[in-house]
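Here is a walk through a protein structure, taken one region at a time. Keep the model open while reading.

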Amino acid sequence: MLEKRTLPTDFTEMLPRVSEFRRFRRVFFSRRLVVFGLIVILALIVTAIFAPFIAPYNPYKMDLSRKLLQPCREHILGTDSLGRDTLSRVIYGTRTSLMVSVIAIGIAGSIGMTMGLLAGYFGGITNMVIMRFTDALMSFPMILLAMVVAAVLGGGLKNVIIALGVGMIAPYCRLMCGQVLSVKENDYITAGRAIGASNLRMMLGHILPNCFPPLIVLLTLMMGTVILAEASLSFLGIGITPLTAAWGSMVNDGYKYLLTHLMLSFAPGLAIMLVVFAFNMVGDGLRDALDPRLRGTL
Amino acid sequence: MIAYIVRRLIQGVFVLIIVSVLVFIVMRLLPGDPLMLYIAEHQLTLLPPEDIEALRVQFGLDKSLPLQYVDWVAGIFRGDLGTSIFFREKVADLIARRLPVTAYLGSLAFILSTIVGILAGVISAVRRGRPLDTGVTTAANLGITLPSFWLGILMIYLFALRLHWLPVYGYTSPFEDFWLSTRQAVMPVICLSVFSIASTARQARSSILEVVRQDYIRTAWAKGLRERVIVMRHVLKNGLIPVITLRGMHVSLIFGGAVVIETVFNIPGMGRLMVEAVLGRDYQVVQAGILLIALVVVLANLIVDISYGWLDPRVRYD
């Protein structure tokens, strides 16, 4: 963080003031791939919100007389085995994908960060119990954990979101705990304690804001992971109902017609890849711009 | 060192206990009484209530939950994992048949991704900014975004259906027909390892670039050591430590990948067993399978942590 103390005697030692935001902006926008990723993400959000206006057809309308059409002028990516327009389904799939991943990350982030904050702040036995619990969660492969949670809760979009959220608690908890342990050592924490600030005020007012940068990076990078996980679950046919336009289940549907209708599997898979790539690039860009250890090397 | 190993072992046992308690609780939260499932399975619906009570006592379901947990764990130590409702056979036998398949393909993927991932990362770090580095970095960035099931389907389309180089799918034990088995294993192993290769390469590259900036590397150059010696003796030794932690985490990742890839390639391993069990609501199998996979992952991480302590003396003392 920026030095705000003024040293009355030795002005020559003082560094020129650098705007944190300007430095962040310079590093963040200096890589073309990062900018590309950002544009893709913005385009996706627009697509998800305005899907009904962008999609040429209703993605749920079946028309068996027009089933399994090859790509043509009316159906740019062809139609599936129930006569639904592939392009429209890919566009609507953006909604499913973004909604599931954003909410799941929100759940995982809030629970994981609270646990990490408590573990790091109180230390001792609290830390030990929470961290061993995290270790236990980490020892289940995420997909498997989500599968089992989805099985316990039953199908449906809501339960897939909860399942993915639970599956991702551990990384946030770990990172948060590590951050808190290092932030806790700062002088301003001791000062806060000296004036008698309550535990809650210390945690929320002083420690949490100073832990944020790496958490934002993890949040962005995890978007890619959770989109892939959601796609894998829907590919396996767990949770999301077959009618919902989800990219993973579309790839699976197309698998049956692979030899004749490659586009049915290819298009949704490419969409997944593009989104995950965009989030990963933006995450990398954020890390370069926010990580103090990389300062000066870029 | 011994104190460190003992401490890690105790932690490992502790984690395993939490894992088993979690699995037990989650499985008890499931809708449905296990006894009713048993009765439905054996077509005993006409049993009088007092016989049902007798069965309840016989299965230990009248005891309190902690006691049931103890019974369950004791059963696991005797090798009794229950009976599958869906497959109508002992869960232990089912797993004994399915686990070696996943273990075989998984270890091939693990070895492949360790070698290729580290090699790619090191080469790209050493040649930073050159075309080779750009190529490796781009490939790695794409590799961590590829949905593995999609890659599998595209590979089947290209190499099996169009070019006819490889069989479409299936699995044969390498002891039965080594050549066929290897040909069938090529695509699944590549799909299982792509993400792992790419993320290992990224991690290796960035941690090596970190090490290259250190003073002792500059000293090594100043001493006039050859590049080979500096890379092999000074850079790799320190730069690969974070990569080793990542390898431990990838054991779990490869198991997770097996769930999807075994479905794509129709391979009768643990992963597909888990999918079938979840879809068929076969809780005995889910319970045993997830516990076993967690056990393997915990053991793998224990080995990683111990080797970590052996490689990096700083770890032992904190």
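The paragraphs below go from confidence and overall build to the interface, the core and some single residues.

This is a predicted model. Confidence comes before anything else. Chain A averages a pLDDT of 80. In that chain, 89% of the residues score at least 70. Confidence varies among its elements: helix 1 of chain A has the lowest mean pLDDT, 76, and helix 2 of chain A has the highest, 89.

Chain B gives the overall build. It has 14 helices and zero strands. Its pattern along the sequence is therefore one α after another, α-α-α-α-α-α-α-α-α-α-α-α-α-α, with helices as DSSP runs numbered from the N terminus. The C-alpha trace of chain B spans about 90 × 60 × 35 Å along its principal axes. Chain B has 318 residues, and 35% of them count as buried. Contacts in chain B reach far along the sequence. Among those with a separation of 6 or more, 72% join residues 24 or more positions apart.

Two residue pairs in chain B illustrate such separations. Leu22(B) sits in helix 1 of chain B, residues 2–29. Its C-alpha atom is 9.5 Å from that of Leu291(B), although their positions lie 269 residues apart along the chain. Leu22(B) has 19 other C-beta atoms within 10 Å, so it is partly exposed. Lys90(B) is found in the loop between helix 4 (65–77) and helix 5 (91–126) of chain B. Lys90(B) and Gln284(B) are 194 residues apart in sequence, yet their C-alpha atoms are 9.7 Å apart. Lys90(B) is partly exposed too, because 16 other C-beta atoms lie within 10 Å.

Chain A offers a similar pair. Ser30(A) lies in the loop between helix 1 (20–28) and helix 2 (32–49) of chain A. The C-alpha atoms of Ser30(A) and Ala289(A) are separated by 9.9 Å, with the two residues 259 apart along the chain. Ser30(A) has 13 C-beta neighbours inside 10 Å, so it counts as partly exposed.

Now turn to the place where the chains meet. The contact takes 35 residues from chain B and 33 residues from chain A. On the chain B side, the elements that give two or more residues are helix 1, helix 7 (148–162), helix 11 (241–264), helix 12 (270–279) and helix 13 (283–311). What classes of residue make up the side of chain B that touches chain A? It has 30 nonpolar, five polar and no charged residues.

Two of these interface helices also pack on each other. Helix 12 and helix 13 of chain B meet at an angle of about 145 degrees, and their axes are 9 Å apart. The crossing is left-handed. Helix 12 of chain B contributes Met270(B), Leu273(B), Met274(B), Ala277(B) and Val278(B) to the contact. Helix 13 of chain B answers with Val285(B), Val286(B), Gly289(B) and Ile293(B). By class, the contact has eight nonpolar residues, one polar and no charged.

Next comes the nonpolar core. The largest one has 151 residues. Those with the most contacts inside it are Leu144(A), Ala146(A), Met147(A), Leu164(A) and Met274(B). Helix 12 of chain A gives the most to this core, with 15 residues. Met274(B) was named above in the contact between helix 12 and helix 13 of chain B. Leu164(A) touches Val100(A), Ala104(A), Ala146(A), Val226(A), Ala229(A) and Glu230(A), leaving aside residues up to four places away in sequence.

Helix 11 of chain A, residues 247–255, is mostly covered. Eight of its nine residues are buried. The buried ones are Trp247(A), Gly248(A), Ser249(A), Met250(A), Val251(A), Asn252(A), Asp253(A) and Gly254(A). They pack against helix 4 (86–122), helix 10 (199–236) and helix 12 (262–290) of chain A, together with helix 7 of chain B.

Two loop residues of chain B close the tour. His164(B) is not a glycine, but has a positive phi of about 55 degrees. It lies in the loop between helix 7 and helix 8 (178–212) of chain B. Is His164(B) buried or exposed? It is exposed, because 9 other C-beta atoms lie within 10 Å. Asn266(B) also has a positive phi of about 55 degrees without being a glycine. Its loop joins helix 11 and helix 12 of chain B. Asn266(B) has 12 C-beta neighbours inside 10 Å, so it counts as exposed.

Terms used
Residues are numbered from 1 along each chain as its sequence is written. Chains are lettered from A and ligands numbered from 1 in the order in which they are written. This is a predicted model: local features need pLDDT of at least 70, side-chain atom pairs count only at pLDDT 80 or more; totals for chains, interfaces and linings use all residues. Helices (H or I, at least four residues) and strands (E, at least two) are DSSP runs, numbered from the N terminus. A residue is buried if 20 or more other C-beta atoms lie within 10 Å of its own, exposed if 12 or fewer, and partly exposed in between; C-beta atoms are placed from the backbone. Two residues are in contact if their C-beta atoms, placed from the backbone, lie within 7 Å. Ala, Val, Leu, Ile, Met, Phe, Trp, Tyr, Cys and Pro count as nonpolar, Asp, Glu, Lys and Arg as charged, and the others, Gly among them, as polar. Axes are lines fitted to C-alpha atoms, for helices over the stretch in contact, and angles run from 0 to 180 degrees between N-to-C directions. A crossing is left-handed if the near helix is turned anticlockwise from the far one by less than a right angle, and right-handed if clockwise. A nonpolar core is a set of buried Ala, Val, Leu, Ile, Met, Phe, Trp, Tyr and Cys residues joined through C-beta atoms within 7 Å. pLDDT is the predictor's confidence in each residue, from 0 to 100.
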